[in-house]
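Open the model in your viewer and keep the sequence panel visible. The stops below say what to select next and what is there.

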Amino acid sequence: MSTAAARRRPATIHDVAREAGVSRGTVSRVLNGGHYVSPSAKAAVDAAIRRTGYVVNRHARSLITGKSDSVAFLLTEPQERFFEDPNFNVLLRACTQALAAQDIPLLLMIAGTEDERRRNLRYIEAGHVDGVLLVSSHSGDPVVARLHEAGVPVVACGKPLGQTAKIGYVAADDRDGARDMVRHLHASGRRRIATVTGPLDTPGGVERLAGYRETLAEVGLPVDETLIATGDYSRASGEDAARALLESAPDIDAVFVASDLMAQGVLDTLARAGRRVPEDIAVGGFDDSPAALSSRPSLTTIRQPWDRISTEMVRTLLARIAGEEPAAVILPTELVRRESA
């Protein structure tokens with residue numbers, strides 16, 4: 001073989017062993033976790049891998065270990081929602097980066113229809129991924145139970161509702177974030193504070209509404225059901241909810257909206273109705289997504305720590321894959337003041 005051809009040939013485990021001055025078996029043990037390898041030998045193998053540019057043959061290793069060395073990001077929402085809602089893209093990017101640090105690829109799977117759910121579950125249950133990061137789970141969704149029955153490690157983004165299966169999850173403190181926003185609106189002198197909830201079959205929808213109700217009672221304001229409208233986290237649902245609120249309670253002076261994207265829809269409707277924000281009606285959102293900064297006026301909102309959520313989801317899932325028990329992680333939110341309230 002010519003020198004040029006040798007350069008083009010991908011490095012093999014034999015090349016790494018020769019470069020490191022160790023046996024092929026030692027290299028193999030380093031690649032499979034470093035058990036029974038001295039620190040000096042491991043350092044020599046790691047350096048040899050960098051010098052030779054060796055890349056692990058994941059297919060070959062999976063045949064030996066029975067693991068795929070990959071993880072699924074399973075979104076149980078329609079495809080159009082993935083492209084519309086900036087939170088999903090932020091979460092996907094951060095999870096991808098966290099897994100890349102462990103040299104683990106992430107597979108995006110969207111299961112917004114029954115057919116998509118069936119195909120994706122069949123793929124996952126066949127062992128093509130080692131675990132699942134489950135995003136946007138709805139109450140009554142069979143995905144959690146199916147994955148639990150199949151023995152697939154799962155970590156959810158948000159506390160799964162109505163699930164008897166014990167799975168790990170990572171969530172922002174939705175209820176406390178809602179409390180902070182309603183307190184802020186009340187402290188600014190607002191007394192007819194409405195809300196646009198998220199879907200009430202999701203943890204965010206339920207917890208943020210609960211925080212709204214509790215804080216109204218805390219500050220001595222009645223809970224008026226005509227001030228509560230339900231959305232589905234889309235911009236269009238925010239527009240519809242704001243129209244309904246203006247019809248049922250035209251004297252509202254503030255709206256707590258359970259997502260920034262819906263809040264953009266609320267702002268659109270208020271502008272068309274000739275209501276000034278924040279002079280006539282203050283608007284507060286939830287997420288601190290890119291939608292909050294692109295809104296006019298810029299949106300006062302509750303910041304979810306997306307980077308920490310992603311890092312904790314990945315850490316918790318890898319621990320589950322390694323055999324640890326499910327864990328629950330709840331992270332604090334932060335009020336971000338801007339122009340809308």
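## A loop with a cis proline

Select Pro297, whose place is in the loop between helix H14 (290–294) and strand E10 (301–303). Helices (H or I, at least four residues) and strands (E, at least two) are DSSP runs, numbered from the N terminus. The peptide bond that joins Arg296 and Pro297 is cis, and its omega is about 0°.

This is a predicted model, in which local features need pLDDT of at least 70 and side-chain atom pairs count only at pLDDT 80 or more, while totals for chains, interfaces and linings use all residues. Residues are numbered from 1 along each chain as its sequence is written, and side-chain values use heavy atoms, with hydrogens and water left out.

## The whole chain

Zoom out to the full chain. The C-alpha trace spans about 80 × 40 × 35 Å along its principal axes. The secondary structure comes to 15 helices and 12 strands. Of the 341 residues, 52% are buried; buried means under 20% relative accessible area, exposed over 50%, and partly exposed in between (1.4 Å probe, protein chains only).

Contact here means heavy atoms within 4.5 Å. Among contacts between residues at least 6 apart in sequence, 70% join residues at least 24 apart.

## The six-stranded sheet

Next, select strands E2, E1, E3, E4, E5 and E11. In that order the six strands form an open sheet, and the pairing is parallel. Two strands pair if DSSP finds at least two bridges between them. At the edges are strand E2 (106–110) and strand E11 (328–331), each of which pairs on one side only. From one strand to the next the twist averages 15°; axes are lines fitted to C-alpha atoms, for helices over the stretch in contact, and angles run from 0 to 180 degrees between N-to-C directions.

Now narrow the selection to strand E1 (residues 71–75), which is joined to strand E3 (residues 131–135) by five bridges, the two running parallel. Within these strands, Phe73 has Leu133 of E3 as its bridge partner, and Ala72 stands opposite Val132 in E3. E1 also pairs with E2, in the parallel sense and over five bridges, and there Leu75 stands opposite Ile110.

Show the side chains of E1. Which way do they point? Val71, Phe73 and Leu75 point one way from E1, Ala72 and Leu74 the other way, and all are buried.

Add helix H8 (residues 114–125), which lies across E1, E2 and E3 and runs at about 150° to E2. Then step back to Asp103, in the loop between helix H7 (86–100) and E2. Phi of Asp103 is near 60°, a positive value in a residue other than glycine.

## A threonine in H15

Select Thr316, in helix H15 (residues 306–321). Is Thr316 buried or exposed? Thr316 is buried, with a relative accessible area of 3%. Leaving aside neighbours within four places in sequence, Thr316 is in contact with Val155, Val170, Ala327 and Val329.

## The four-stranded sheet

Move to strands E7, E6, E8 and E9. These four form an open sheet in that order, with parallel pairing. Strand E7 (228–230) and strand E9 (282–284) stand at the edges with a single partner strand each, so one side of each is left without a neighbour in the sheet. The twist averages 15° from one strand to the next.

Between strand E6 (residues 193–197) and E7, which run parallel, there are three bridges. Label Thr197, which stands opposite Thr230 in E7.

Two helices are worth adding here. Helix H10 (residues 174–187) lies across E6, strand E8 (254–257) and E9, and runs at about 170° to E8. Helix H13 (residues 260–272) also lies across E6, E8 and E9, running at about 165° to E9.

## Loops on either side of E9

Follow the chain from H13 to Pro278, which lies in the loop between H13 and E9. The peptide bond from Val277 to Pro278 is cis, with omega near 10°.

Past E9, select Asp287, in the loop between E9 and H14. Phi of Asp287 is near 130°, a positive value in a residue other than glycine. Asp287 counts as buried, at 3% relative accessibility.

## Last stop: H2

Finish at helix H2 (residues 13–20), where Ile13, Asp15, Val16, Ala17 and Ala20 are buried. Their cover includes helix H3 (24–31) and helix H4 (39–52). Just after H2, Gly21 takes a positive phi of about 75°.
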